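Biologist: Could you take one part of this model and go through it closely for me? I'd like to hear what it sits against, too.

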Amino acid sequence: MAQSYLFDGEVLGTGAPGFGSAVARFYSQKQHPHCMCDGKGIAVYVARRHEQYVIHRMPNTGPLHAPDCDHFEPDEDLTGLGALIGHAIVDDQQTGITKLKLGFPLSRGAARLAADAVAAETSAVGADGTRMTIRGLLHYLWNDAQLTHWHPKMAGKRNWAVIRGALMRSLVSKDSKGQHLSALVYIPETFNVREKYEIEQ
C-alpha cells in the first residue's frame, strides 16, 4: 500500500511535495505524525539516523496498523518477541537506535566461548527474556528487515542481493554494548565472478 501520514491536518503520501519538510518539522518540534493506514490515524514518531529522517511505529502499536502497512507487526506474544521487548530489545525514540542485549559473544575467543554459545542456544526455550540467542537475533533481524512480509513489488525479486541489502539496512540501527552491529555481523556478500578471489579471501 502507499504510505500516507497526517501532519497538522494535512495528509501527505511519502512521495508528495512537502513530505520531507513536514517530517523534518515534526522531528524538530518533537511532534507525532499519524499513519493513515486505518483511515483514522495511528501515532508514529520520527527519528534521525545518518542524516536522514525515519518514521517508526510507536512501541506496542504494530497490530493496530493495517496488515499491508509498512508499520504492521503481529502481536508480540504471537511472534515470541513479547518476552524480549523492553528487556533484550530496547528502542530509543530519540535516536531511532535499537539496543540489543545478546546472550553470546560478539568476538572470537577460546573454544569454550563457542561451547557457551551452543549451551545458551539449546536452553533458549527456558530463557528469561533478558538476553537474545544467536538464533533469536537472526529471526529478529529477518523480521525487522521485513523479509517476513509480502509486498507485491517484491514478486520475483527475493534474490540474495535483495535479502542482504535489507538485512544490512536493518543492522544500521542496531547496537549492542555500544557497538553498531553493522560493523560486527557478517552477512555473506553477493557472489560476483569478477570478485571471486576477493570474496574467497
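Modeller: Sure. Element names first: helices here are DSSP runs of H or I with at least four residues, strands are E runs of at least two, and both are numbered from the N terminus. By that naming, Pro67 falls in the loop between β5 (52–57) and α2 (76–79). Pro67 counts as exposed because its relative accessible area is 66%, and the cut-off for exposed is over 50%. Its C-alpha is 9.4 Å from that of His149, although the two are 82 residues apart along the chain.

Keep in mind that this is a predicted model. The part I'd zoom in on is α5, which covers residues 160–172. Its 13 residues reach 18 Å from first C-alpha to last, close to the 18 Å expected. At the N-terminal end, Asn159 acts as the cap, with a side-chain oxygen 3.2 Å from the backbone nitrogen of Ala161. Further along, the buried residues are Ile163, Gly165, Ala166, Leu167, Ser170 and Leu171. An α-helix has 3.6 residues a turn, so residues three or four places apart point the same way. The buried residues of α5 pack against α4 (134–144) and β8 (174–176).

Now the core. The largest nonpolar one has 18 residues, and Leu100, Leu102, Met132, Leu137 and Leu167 touch the most other members. Both α4 and α5 supply at least two of its residues, with the largest share, 4 residues, coming from α5. Leaving out neighbours within four places in sequence, Leu137 has Leu100, Leu102, Phe104, Met132 and Leu181 as contacts. There's also a second, separate core of 15 residues, including Phe7, Val23, Ile55 and Cys69.

Notes. Residues are numbered from 1 along each chain as its sequence is written. This is a predicted model: local features need pLDDT of at least 70, side-chain atom pairs count only at pLDDT 80 or more; totals for chains, interfaces and linings use all residues. Side-chain values use heavy atoms; hydrogens and water are left out. The expected span of a helix is 1.5 Å times one less than its number of residues. Buried means under 20% relative accessible area, exposed over 50%, partly exposed in between (1.4 Å probe, protein chains only). Contact means heavy atoms within 4.5 Å. A polar contact is a pair of N or O atoms within 3.5 Å; within protein, one must be able to donate a hydrogen and the other to accept it, and residues adjacent in sequence count only if both atoms are side-chain atoms. A nonpolar core is a set of buried Ala, Val, Leu, Ile, Met, Phe, Trp, Tyr and Cys residues joined through side-chain atoms within 4.5 Å.
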